[in-house]
Amino acid sequence: MDNNSCMNPYGLRDGEMSSGTTIMAVTFDGGVVLGADSRTSSGSYVANRVSDKIVPLHDYVWTCRSGSAADTQAVADYVKYYISAHSGELDRLPRVQTCANLIRKICYNNKDRMMAGMICGGWDPYEGGQVFEIPLGGTIMKQKFAIGGSGSSYIYGLMDSLYRENMTKEECKEFCKKCIAHAMARDGSSGGVIRLVIIDKEGVEKECILGNELPFMP
């Protein structure tokens, strides 16, 4: 192995920084569960071990962020501003799909200038709990469950084997905890604590699973 390979194991271009994460969301009857790890990395350096990657867009709609922290924070802030004005003008709660489409539009129109992979999930009185995945490049897909970030590649098979339709809220929470914990154990760019956000018509509930409480550890 030459010196350049040792200094640049990820094969990045000059000025490009490696980043990683694990985010996911799953629907249950009447709502959604969003989950994420808390490690923010810059190459091999852990810049923040307890960051919050699940942020609100509106009262019942939240988004998981992966990719460049600066890019995804900017996208979330823009969507939060636009959807607040939209909801105020219509005097009703926004649709989850409307929030996801705004993310998609910003990500697609700037796909050559930013790195953002996001999951939009929430509840609305029109279609209940919904999850939309907006990966790098800016497409949009409605899913029963979605995963993203560098850690996701380690757990596709695990999620396929564990996922069942019509899971309860508690089953979805355990599903997210187990999958994210496995990704954190295998992916060097994922780690810290697990954060969960549970959204249904009753409101929003947040949970934090500390490192010594993870359901799976290497």
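**Strand β2, its surroundings and the salt bridges**

Strand β2, which covers residues 31-36, is mostly covered, with six of its six residues buried. The model is a predicted one, so everything below describes computed geometry. In a regular strand the side chains alternate between the two faces of the sheet. In β2, both faces turn out to be covered. Gly31, Val33 and Gly35 sit on one side, Val32, Leu34 and Ala36 sit on the other, and all of them are buried.

What flanks β2 along its edges? Strand β1 (residues 23-28) pairs with β2 in the antiparallel sense, over six bridges, and strand β11 (residues 194-200) also pairs with β2 in the antiparallel sense, over six bridges. For the first pairing, a handy register mark is Met24, whose bridge partner in β2 is Gly35. For the pairing with β11, Leu34 can serve the purpose: its bridge partner there is Val197. The link between β1 and β2 is a hairpin with two residues between the strands. In that turn, Gly30 takes a positive phi of about 105°.

Val33 gives a good view of what packs around the strand. Leaving aside neighbours within four places in sequence, Val33 is in contact with Met24, Ala25, Val26 and Phe28, with Lys169, Cys172, Lys173 and Cys176, and with Leu196, Val197 and Ile198. Val33 is also one of the residues with the most contacts inside the largest nonpolar core, a set of 22 residues. The others in that group are Met24, Val26, Met159, Phe175, Ile194 and Leu196. β1, α5 and β11 each supply at least two residues of this core, and α5 gives the most, with eight residues. There is a second, separate core as well, made of 19 residues, and among them are Val61, Val96, Cys107 and Cys120.

On the charged side of things, the structure holds 12 salt bridges. One of them joins Glu127 to Lys142, with the closest N and O atoms 3.2 Å apart. Glu127 lies in the loop between β7 (116-124) and β8 (128-134), while Lys142 belongs to strand β9 (residues 141-143), so this pair ties together parts that are 15 residues apart in sequence. Neither end is hidden away: Glu127 counts as partly exposed at 43% relative accessibility, and Lys142 counts as partly exposed at 49%.

Arg164 and Glu171 make another such pair, their side chains meeting in a salt bridge at 3.3 Å, N to O. Arg164 is partly exposed, with a relative accessibility of 43%, and Glu171 is partly exposed too, at 32%.

The salt bridge between the side chains of Lys173 and Glu207 comes in at 2.5 Å, N to O. Lys173 lies in helix α5 (residues 169-186) and Glu207 in strand β12 (residues 203-209), so the pair ties together parts that are 34 residues apart in sequence. Lys173 is buried, with a relative accessible area of 5%, whereas Glu207 counts as partly exposed at 23%. Lys173 is also among the residues that touch Val33 of β2. Both partners belong to a network of salt bridges that links Glu170, Lys173, Glu174, Lys177, Glu205 and Glu207.

Two serines round out the picture. Ser190 lies in the loop between α5 and β11. Is this loop residue buried or exposed? Ser190 counts as buried, because its relative accessible area of 1% falls under the 20% cut-off. The side chain of Ser190 makes a polar contact of 2.7 Å with the side chain of Thr22, and a polar atom of that Ser190 side chain also lies 3.4 Å from the backbone oxygen of Thr21. Beyond neighbours within four places in sequence, Ser190 is in contact with Thr21, Thr22, Asp37, Arg39, Ser150, Gly151, Ala183 and Met184.

Ser87 is the second serine, and it lies in helix α2 (residues 69-90). Like Ser190, which has 1% relative accessible area, Ser87 is buried, here with a value of 10%. Again leaving aside neighbours within four places in sequence, the contacts of Ser87 are His58, Arg92, Leu93 and Pro94.

How values were computed. Residues numbered from 1 in each chain as written. Predicted model: local features only at pLDDT ≥ 70, side-chain atom pairs only at ≥ 80, totals over all residues. Heavy atoms only, no water. Buried < 20%, exposed > 50% of the residue type's maximum accessible area, 1.4 Å probe, protein only. Helix = DSSP H or I, 4+ residues; strand = E, 2+ residues; numbered from the N terminus. Pairing = 2+ DSSP bridges. Salt bridge = Lys/Arg side-chain N within 4 Å of Asp/Glu carboxyl O. Core = buried A, V, L, I, M, F, W, Y, C linked by side-chain atoms within 4.5 Å. Contact = heavy atoms within 4.5 Å. Polar contact = N/O pair within 3.5 Å; in protein donor to acceptor, adjacent residues only side chain to side chain.
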